[in-house]
Amino acid sequence: MSDTDWELFLRDLALCLSTYQDRGPAVVWPERAHTVLPSLDGGYGGVVPGTGWRPVPLGAGARRLAVDLGRLMGYPVQAYERLLAAGAALPLGRAGADVLLFPLSGGVRCRVEARGAANHQGGGLELRLRAGEMVFVPARHSCFLSEAWTSCRLLLLMLHATP
């Protein structure tokens, strides 16, 4: 992966955040994702599915992504990873912060809803999220992941922007 690939990838994340923070959920397909994703693989290797979100260890590519994105945006960003087993479902309640969520491998059905949206009609975003595609989930929204066909390694970037 070249420095240019990294910079273009970061630029697309920052553009999405600067456009959609304070507005609503969004999907981003960052340029050069195919070259950057292999360097983001977490540091836990064979993480056991269903053991919760774990902070990405120092030295991992995903940690570098969090640091570089935080520097670019001007606020702290933390990186967490998790392995979602095939067929498992994962509700993500409101995290108290905006998040960027994306599979590093595999794919998963993703439903994002505004707080209080009890039924699944209107007002939400639903898509099949695959490696290289990211979803921005504002703090006031919830997210539900399901229908992973194979184990899906997930990366979550928690954005600590000052209100």
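1. In this predicted model, a good place to begin is the pairing of strand β6 with strand β9 (residues 141-146), which run antiparallel to one another and are joined over six bridges. Within this pair, Val-112 has Cys-143 of β9 standing opposite.

2. The two strands belong to an open sheet of four strands, arranged in the order β4-β9-β6-β7 with antiparallel pairing. Its edges are formed by β4 (90-92) and β7 (125-130), each of which pairs on one side only. Ignoring direction, neighbouring strands of this sheet are turned against each other by 20° on average.

3. Val-112 deserves a point of its own. The residue lies in strand β6 (residues 107-114) and has a relative accessible area of 0%, so it counts as buried. Leaving aside residues up to four places away in sequence, Val-112 touches Pro-25, Gly-124, Leu-125, Val-135, Val-137, His-141, Ser-142 and Cys-143. Val-112 and Ala-26 are 86 residues apart in sequence, while their C-alpha atoms are 9.5 Å apart in space.

4. A second open sheet has six strands in the order β1-β8-β5-β10-β3-β2, again with antiparallel pairing. Here the edge strands are β1 and β2 (54-55), each pairing on one side only. Further inside the order, β3 and β10 are joined in the antiparallel sense over eight bridges, and one detail of the contact with β10 is that Glu-81 has Leu-155 as its bridge partner.

5. Strand β8 can be followed from both of its neighbours. With β1 it pairs in the antiparallel sense over three bridges, and Ala-26 finds its bridge partner in Phe-136 of β8. Three bridges also join β8 to β5, and these two strands likewise run antiparallel; in β8, Val-135 is the residue that stands opposite Leu-101. As for the side chains of β8, Met-134 and Phe-136 point one way, whereas Val-135 and Val-137 point the other way, and all of these are buried.

6. The largest nonpolar core contains 29 residues, and those with the most contacts inside it are Leu-40, Leu-65, Phe-102, Leu-155 and Leu-157. Helices and strands both contribute, since at least two residues of this core come from each of α1 (3-20), β1 (26-28), α2 (33-40), α3 (61-73), β3 (77-84), β5 (98-105), β8 (134-137) and β10 (152-159). The element that gives the most is α1, with six residues.

7. Leu-157 shows what the surroundings of one such core residue look like: not counting residues up to four places away in sequence, Leu-157 touches Leu-65, Ala-66, Leu-69, Val-77, Gln-78, Ala-79, Asp-98, Val-99, Leu-100 and Phe-102. Apart from the largest core lies another one of 21 residues, among them Leu-84, Cys-143, Leu-156 and Met-158.

8. The cysteines call for a careful reading. A search of the whole structure finds zero disulfides. Cys-110 is in no disulfide, for the nearest cysteine sulfur, that of Cys-143, is 3.6 Å away, and a disulfide would need the two sulfur atoms within 2.5 Å. Cys-110 has a relative accessibility of 0% and therefore counts as buried. Cys-16 is also buried, because its relative accessible area of 6% falls under the 20% limit.

Key: Residues are numbered from 1 along each chain as its sequence is written. This is a predicted model: local features need pLDDT of at least 70, side-chain atom pairs count only at pLDDT 80 or more; totals for chains, interfaces and linings use all residues. Side-chain values use heavy atoms; hydrogens and water are left out. Buried means under 20% relative accessible area, exposed over 50%, partly exposed in between (1.4 Å probe, protein chains only). A nonpolar core is a set of buried Ala, Val, Leu, Ile, Met, Phe, Trp, Tyr and Cys residues joined through side-chain atoms within 4.5 Å. Contact means heavy atoms within 4.5 Å. Two strands pair if DSSP finds at least two bridges between them. Axes are lines fitted to C-alpha atoms, for helices over the stretch in contact, and angles run from 0 to 180 degrees between N-to-C directions.
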